[in-house]
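Grab your viewer and a scratchpad. Below are some exercises, each with a solution worked out step by step.

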Amino acid sequence: MSSATESATPGFLVWRLSMKWRVAVDRAVAPLGLTHAQYSVLASLYGMSRSGLRPSQRRLADHTGLEPLYVSKLARALETAGLVARTRDPGDPRAMQLSLTEQGREVTRRAIDVVQGLLDQLLVPLGGQDSSRTRQLVRELATLIDAPLDPYAENDEEQS
């Protein structure tokens with residue numbers, strides 16, 4: 001651990017790691033004409049579609065953790081680029097369903113390969129993607145993601 005991070009708070013370290021990851025992914029997928037946020041939408045849509053889902057923009061926003069309005073803007077840009085198709089949900093005419101075009105599937109597969117290479121690099125210090133330390137990290141991160149976080153809640157000592 002560097003001396004700059006030895007006394008850092010967990011919040012600062014989460015922020016630094018997320019920024020390091022975002023910048024690396026942005027650079028890695030830029031040659032494919034994508035940003036990190038666009039990659040997040042495409043890769044999530046790819047995974048959901050492989051599971052037989054055709055998610056609405058709202059469901060994709062919930063899945064990615066991005067704001068619904070931002071997912072809508074990203075989806076429109078990806079549609080213009082020919083990577084995503086947006087269609088009205090027959091069950092809810094207010095909702096838009098998303099699917100990858102053939103070009104979108106190809107670009108997404110290439111982007112996933114690139115990002116997996118980055119993930120391999122990132123996790124070397126923990127023993128790689130299949131190590132017990134990485135599996136523990138995934139469990140810990142999932143616990144933090146699932147924890148309620150309300151900026152307006154009073155700080156209650158009993159919760160900690």
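The exercises start with the whole chain and then move to single helices and residues. Keep in mind that this is a predicted model.

**Exercise 1. Work out the overall layout of the chain: how many helices and strands are there, and in what order do the elements run?**

Step 1. Count the elements: you should get seven helices and two strands.

Step 2. Now read from the N terminus, and the order comes out as α-α-α-α-α-β-β-α-α.

Step 3. Put a box around the C-alpha trace along its principal axes, and the spans are about 50 × 40 × 25 Å.

Step 4. Check how the chain folds back on itself. Take contacts between residues at least 6 apart in sequence: 43% of them join residues at least 24 apart.

**Exercise 2. Describe the surface and the charges of the chain.**

Step 1. Start with burial: of the 160 residues, 29% are buried.

Step 2. The accessible surface adds up to about 11000 Å², and carbon and sulfur atoms own 54% of that.

Step 3. For charges, there are 19 positive and 19 negative ones, and their mean positions sit 10 Å apart.

**Exercise 3. Find which residues of helix α4 are buried, and show where on the helix they sit.**

Step 1. Helix α4 covers residues 57-64, and its buried residues are Q57, L60 and A61.

Step 2. Look down the axis of α4. The buried residues fall within an arc of 105°, so they line one face of the helix.

Step 3. That fits the usual geometry: an α-helix has 3.6 residues a turn, so residues three or four places apart point the same way.

Step 4. Flip to the face turned away from the buried side, and you meet the exposed residues R58 and D62.

Step 5. Ask what the buried residues of α4 pack against. The partners are two helices, α3 (36-50) and α5 (68-80), plus the strands β1 (84-89) and β2 (92-100).

Step 6. Don't stop at the end of the helix: just after α4, G65 has a positive phi of about 85°.

**Exercise 4. Search the whole structure for aromatic pairs and classify what you find.**

Step 1. The search turns up one aromatic pair.

Step 2. The partners are F12 and W15, with ring centres 6.1 Å apart and planes at 40°, so this pair is tilted. The cut-offs behind that label: under 30 degrees would be stacked, and over 60 edge-to-face.

Step 3. Place the pair on the fold. Both F12 and W15 belong to helix α2 (residues 10-29), three residues apart, or about one turn of the helix.

Step 4. Buried or exposed? F12 has a relative accessible area of 35% and is partly exposed. W15 is at 46%, which also makes it partly exposed, because that label covers values between the 20% and 50% cut-offs.

**Exercise 5. For V25, A43 and A77, compare separation along the chain with separation in space.**

Step 1. V25 is in helix α2 and is buried, with a relative accessible area of 1%. From V25 to S40 it's 15 residues in sequence and 9.8 Å between C-alpha atoms.

Step 2. Skip the neighbours of V25 within four places in sequence, and the contacts left are H36, Y39, V115 and L118.

Step 3. Next is A43, in helix α3. A43 and T108 are 65 residues apart along the chain, yet their C-alpha atoms are separated by 6.2 Å.

Step 4. With neighbours within four places again set aside, A43 touches T108 and I112.

Step 5. Finish with A77, found in helix α5 and partly exposed at 37% relative accessible area. A77 and R16 lie 61 residues apart in sequence, and C-alpha to C-alpha they are 28 Å apart.

Notes:
Residues are numbered from 1 along each chain as its sequence is written. This is a predicted model: local features need pLDDT of at least 70, side-chain atom pairs count only at pLDDT 80 or more; totals for chains, interfaces and linings use all residues. Side-chain values use heavy atoms; hydrogens and water are left out. Helices (H or I, at least four residues) and strands (E, at least two) are DSSP runs, numbered from the N terminus. Buried means under 20% relative accessible area, exposed over 50%, partly exposed in between (1.4 Å probe, protein chains only). Contact means heavy atoms within 4.5 Å. Accessible areas come from the Shrake-Rupley method with a 1.4 Å probe; for residues, only the protein chains shown count as cover. Lys and Arg count as positive and Asp and Glu as negative; His and the chain ends are not counted. The place of a charge is taken as NZ of Lys, CZ of Arg, CG of Asp or CD of Glu. The arc is that of the directions from the helix axis to the C-beta atoms. Rings of Phe, Tyr and Trp (its six-membered ring) pair if their centres lie within 6.5 Å; planes under 30 degrees apart count as stacked, over 60 as edge-to-face and the rest as tilted.
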